[in-house]
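Got your viewer open? Load the model, and let's walk through it one selection at a time.

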Amino acid sequence: FSAFLTLRDPEDPAARVIETALLREEAQTLRVNGETVDAVHSTRSGDVIVISRPPYQFDAAPRGQAIGDAPFFGQHGFLPGLVDLRRNINMRVPLLAAGPGIPVGRVVRGVRMIDLAPTIAHALGIPAPARAQGRVLVELFGATR
């Protein structure tokens, strides 16, 4: 673990490149902002899960480098809730919804991307996907739902 946790950016040695390194079992029950997050893919995760801090990532590093500073965001692999406004890093995005049963001007806080599939299924009146981990955003809808 120490090899990952001590990884440094040669151009910014004070920057923290790695957020955390976990055993697979720890990553399956990772607590983030009071919620359990399963950070393990059933077939593509190894025994050790290493999570970088934005903007660093493993999958866009220049040839010959282990890790790179990526100028884009929103890709998989970062912990939700990471915010560094000084470096223009904010992993949160707005969700806009409109349609029958959704009151104009309704504001819902704490929405996660994993909540979208169950919520859309609810709006369509169909069962949520079998492996959906999110919740139905019932507070998005009017009193009729």
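One term before we start: a residue counts as buried under 20% relative accessible area, as exposed over 50%, and as partly exposed in between. Glu26 makes a handy test case: its relative accessibility is 39%, so it counts as partly exposed. Keep in mind throughout that you are looking at a predicted model.

**Stop 1: the whole chain**

Show everything as a cartoon. The chain has 145 residues, and 28% of them count as buried. How many helices and strands are there? The secondary structure comes to 3 helices and 8 strands. Trace them from the N terminus and you'll pass α-β-α-β-β-β-β-β-β-β-α.

Now switch on a surface. About 10,200 Å² of the chain is exposed, with carbon and sulfur atoms supplying 56% of that. Contacts across the sequence are worth a thought too: among those joining residues at least 6 apart, 42% link residues at least 24 apart.

**Stop 2: two strands side by side**

Select β1 (residues 18–23) and β4 (48–52). Do these two run parallel or antiparallel? β1 and β4 run antiparallel, joined by 5 bridges. Check the pairing at both of these spots: Ile18 sits opposite Ser52 in β4, and Leu23 sits opposite Val48 in β4.

Colour the pair by burial next. In β1, 5 of the 6 residues are buried, so the rest of the structure largely encloses this strand. β4 is largely enclosed as well, because 4 of its 5 residues are buried.

**Stop 3: into the cores**

Which residues make up the largest nonpolar core? Select Leu22, Ala27, Leu30, Val32, Val40, Ile49, Ile51 and Leu79: those are its 8 residues. Strands β2 (30–32) and β4 each bring at least two residues to this core. There is also a second, separate core of 6 residues, and Ala15, Val17, Ala21 and Val50 are among them.

Zoom in on Ile49. Leave out its neighbours within four places in sequence, and what does Ile49 contact? The list is Thr20, Ala21, Leu22, Arg24, Ala27, Ala39 and Val40.

Val40 is also a good place to return to our test case. Glu26 is in helix α2 (residues 24–27). Put a distance label between the C-alpha atoms of Glu26 and Val40: they are 9.4 Å apart in space and 14 residues apart in sequence.

**Stop 4: charged partners**

Show the Arg, Lys, Asp and Glu side chains as sticks. The model has 4 salt bridges in total. Start at Arg16, which counts as partly exposed because its relative accessibility is 47%. Arg16 forms a salt bridge with Glu19, with 4.0 Å between the closest N and O atoms.

Stay on Glu19 and look for Arg53. These two form a salt bridge as well, and their closest N and O atoms are 2.3 Å apart. Why is this pair worth a look? Glu19 lies in strand β1 and Arg53 in the loop between β4 and β5 (56–57), so the salt bridge ties together parts that are 34 residues apart in sequence.

Then move to Arg112 and Asp115, whose side chains meet in a salt bridge at 3.0 Å, N to O. Is Asp115 buried or exposed? Asp115 is buried, with a relative accessible area of 0%, whereas Arg112 is partly exposed at 25%. Before leaving the charges, select Arg16, Glu19 and Arg53 together: salt bridges with shared partners join them into one network.

**Stop 5: a nonpolar patch outside**

Bring the surface back and select Phe1, Phe4, Leu5, Leu23, Val48 and Phe58. Together they form a nonpolar patch on the surface with about 500 Å² of accessible area. You'll recognise Leu23 and Val48 as the residues standing opposite each other at Stop 2. Phe1 is in the segment before α1 (2–5) and counts as partly exposed, at 43% relative accessibility.

**Last stop: helix α3**

Finish by selecting His122, in helix α3 (residues 116–124). His122 is partly exposed, with a relative accessible area of 28%. For one more distance label, pick Leu137: its C-alpha atom is 8.9 Å from that of His122, and the two are 15 residues apart along the chain.

Definitions and conventions
Residues are numbered from 1 along each chain as its sequence is written. This is a predicted model: local features need pLDDT of at least 70, side-chain atom pairs count only at pLDDT 80 or more; totals for chains, interfaces and linings use all residues. Side-chain values use heavy atoms; hydrogens and water are left out. A nonpolar core is a set of buried Ala, Val, Leu, Ile, Met, Phe, Trp, Tyr and Cys residues joined through side-chain atoms within 4.5 Å. Buried means under 20% relative accessible area, exposed over 50%, partly exposed in between (1.4 Å probe, protein chains only). Contact means heavy atoms within 4.5 Å. Accessible areas come from the Shrake-Rupley method with a 1.4 Å probe; for residues, only the protein chains shown count as cover. Patches are made of residues with over 30% relative accessible area and no salt bridge: like charges are joined within 9 Å, nonpolar side chains (Val, Leu, Ile, Met, Phe, Trp, Tyr) within 5 Å. Two strands pair if DSSP finds at least two bridges between them.
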